[in-house]
Amino acid sequence: MADDSIAVVDLDRCQPDRCNYECMNFCPPNRTGKECIVTRGDAYEEDEPFEGGPDQVRISEEICLGETCGICVEKCPFDAIEIINLPQELDDEPIHRYGENAFSLYGLPAPGDGRVTGILGPNGIGKTTAVHILADELTPNLGEYNADPGWDAVLEEYRGTALQDYLEALIDGDVTVARKPQYVDQIPDQFDGTTRQLLERTDERGELDALIERVGIGPVVDQDIGTLSGGELQRVALVAALARDADFYFLDEITPYLDIGQRMTAARIIQELAEDGDRSMLVVEHDLAILDLLADALHVAYGEPGAFGVITDPKSTKNGINEYLKGYLDNENMRIRQDAIEFEQHAPRSVAGGQSVVEYPALEKSYGEGEFSLSVAGGEIHEGEVLGVVGPNGIGKSTFAKLLAGRLEPDEGEIDARLDIAYKPQYVEIDQPMRVDAFLASITDEFGSSYWNTEIAQPLQLDRIMEQNLTDLSGGERQRVAIAACLSKDADLYLLDEPSAHLDVEQRVLATSAIRRYAENHDATAMVIDHDIYMIDLLSDRLLVFDGEPAERGHASEPQGMREGMNEFLANLDVTFRRDERTGRPRINKSGSNLDREQKQAGEYYYAPE
């Protein structure tokens, strides 16, 4: 195989007990007597360690003919093999490779002194691996997966680059790091105690009380960590990382489960701490509006998820995001996606008239004296529309959904219809020991049909995880399966609570397309609760806005047009948006800027009218 090609075997998908080794039997080099594809048990000496099972296959990259052949890729019945031509611009060796025929990472981001650096790229592309390396939690092997070249060899590899000073300080122990993990829902499994006990272990700068107050977790600091919601865990994890006395902070996804106000608060705290001059931040994030607001510079990550990833040199944040959306990196002369991700560059869609799915009067619901109460203005939801639902966490959005479904009785008002609702919850908890395909087949008789594959499976990229067990899925994979399960049901109303969590930018756009297409093709009605303004902007026909005092009282206005609804919602947050002149994507105006002041004076928080 050429030096710029790699062979990847997905050991989770390679199932030799269910195939006839078609990859080996049809491999041209094998048929001439060469040992290109062999079982791993035959490829290694008896006492030599190797990954995978002895009956799973190993591909010799020295003998393989490369992507121009690809017969093994076509013949494998489980899509377990990839033969990939790497971009010619890559260095000869990766910074790290996990094993033979396994994922490789090329390049590392360069943490900047006293600034916020962002990383943007798909899931499974090596962003978290890069963070582990720079946090000294993983020693890179420079592609020598059977050896340990050590940090000195890594330093020699990066001598004369922007990373040299940082790596030298890391090797000498002269730099300290703090890291916020990606999946905060795993924190209760790793710590048993109250929130305060966890946070006090990290308080090294004396800033803990101020951070607790700013992110708004004061009411839960004396609760057991296992009782917290996802949004509360996310803020606890952020405070725990920022309270440490470190030189560099690595923050892996700061927005899942946070509402837009909490996201803005987190971004401002990170910016302010970096501007102090003695702390640098590296942030991995998929919320483009927050990343755009937060980062001083940006690295783009691209490649083939699960196979290889490349991290570019730093770019300006605006250019990096725009190039990423365009699918073409200018400096690298590299196309990373066939189609650009586009946003409408005009006023939001007007809603086509449709029959009413449900008409409801003014409603009141209280959970008791001194407890949360919700008031809802009367309104109706149309057939075939996607109704975006926005508002802070703890403001009554889920309570309203339960009222519509008849799972809660209102104290005042009455809903005549009892809707059949398909519901995707905010927090996806999957503990069933069954395969994805078996799980989805148990939900709908349409599973596997051409219609189901086209409408649901393909847009949500489910093909490569169908044979995996539910309990082995990542957070983003679980999210996509949960969306598919929701859309696969026969219902009057499809309610999806924060479908963007843990999805990368491409996956969010594809999920948006799947939801809209399903609604349009089936005259189905969907309500989508989400805090990603990009997703709400692309998805919604109208908007339902909640406001009030979280955990105390909430109020929902009647559904309204996108411009009116977004103006109301963003005015409550004192935030204005504009559209990027090149891509049409939503961008947050800097507070106090000329455009920010002009839009507020005009009452146009949701883009200035053209």
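Lys-315 and Glu-323 are both buried, in what is a predicted model. The two residues are also partners: Lys-315 makes a salt bridge to Glu-323, with 3.1 Å between the closest N and O atoms. As a general point, side chains of opposite charge can pair when their charged atoms come close.

Now look at Lys-318. Its side chain meets that of Glu-581 in a salt bridge, at 2.6 Å from N to O. Lys-318 sits in helix α14, which covers residues 317-326, while Glu-581 is in the loop between β26 (577-579) and β27 (586-588), so this pair ties together parts that are 263 residues apart in sequence. Are these two partners buried or exposed? Lys-318 counts as partly exposed, because its relative accessibility is 28%. Glu-581 has 54% relative accessibility, so it counts as exposed.

Another pair to pull up is Arg-563 and Glu-604, whose side chains meet in a salt bridge with an N to O distance of 2.7 Å. This one also links distant parts of the chain: Arg-563 belongs to helix α21 (residues 562-573), Glu-604 to the segment after α22 (594-602), and the two are 41 residues apart. Glu-604 is buried, because its relative accessible area is 17%, and the cut-off for buried is under 20%.

Salt bridges can also share partners, and here that joins Asp-292, Asp-580, Arg-585 and Arg-587 into one network. How many salt bridges turn up in the whole structure? The search finds 30.

Cysteines are another story. The same kind of whole-structure search for disulfides comes back with zero. Take Cys-19 and Cys-23 and check the sulfurs. Why is there no bond from Cys-19? The closest cysteine sulfur to that of Cys-19 is in Cys-23, and at 6.3 Å it is too far for a bond. It works out the other way round as well: for Cys-23 the closest cysteine sulfur is in Cys-19, 6.3 Å away, so no bond forms there. A disulfide would need the two sulfur atoms within 2.5 Å. Cys-23 itself has 8% relative accessibility and so counts as buried.

Next, step back to the domains. The protein is divided into domain 1 (5-85), domain 2 (104-335) and domain 3 (362-557). Between domain 1 and domain 2, the C-alpha centres lie 36 Å apart. Four residues from domain 1 and six residues from domain 2 take part in the contact.

What does that interface bury? The area buried between domain 1 and domain 2 comes to about 390 Å², and carbon and sulfur atoms give 64% of it. On the domain 1 side, the residues that lose the most area to domain 2 are Ile-6, Glu-82 and Ile-84, which together account for 70% of what that side buries. The elements giving two or more residues to this side are β1 (5-9) and β4 (81-85). As for charge pairing, zero salt bridges are found across the interface of domain 1 and domain 2. Polar contacts follow suit, with zero residue pairs counted between domain 1 and domain 2 when both residues are at pLDDT 80 or more.

Finally, a few aspartates deserve a look, starting with backbone angles. Most residues other than glycine have a negative phi. Asp-79 is not a glycine, yet it has a positive phi of about 50°. You'll find Asp-79 in the loop between α4 (71-75) and β4. With 39% relative accessibility, Asp-79 counts as partly exposed.

Asp-523 also has a positive phi of about 50°, and it is not a glycine either. Asp-523 lies in the loop between α19 (505-522) and β22 (525-529). Its relative accessibility is 48%, so Asp-523 counts as partly exposed.

The last stop is Asp-431, in the loop between β20 (421-424) and α16 (436-441). Asp-431 is exposed, because its relative accessible area is 64%, where the cut-off for exposed is over 50%. If you go from Asp-431 to Gln-234, you cover 197 residues in sequence and 22 Å in space, C-alpha to C-alpha.

How values were computed:
Residues are numbered from 1 along each chain as its sequence is written. Side-chain values use heavy atoms; hydrogens and water are left out. A salt bridge is a side-chain nitrogen of Lys or Arg within 4 Å of a carboxyl oxygen of Asp or Glu. Buried means under 20% relative accessible area, exposed over 50%, partly exposed in between (1.4 Å probe, protein chains only). Helices (H or I, at least four residues) and strands (E, at least two) are DSSP runs, numbered from the N terminus. Domain bounds come from an automatic or database domain assignment. Contact means heavy atoms within 4.5 Å. Buried area is the accessible area (1.4 Å probe) that two parts lose on being put together, summed over both. A polar contact is a pair of N or O atoms within 3.5 Å; within protein, one must be able to donate a hydrogen and the other to accept it, and residues adjacent in sequence count only if both atoms are side-chain atoms.
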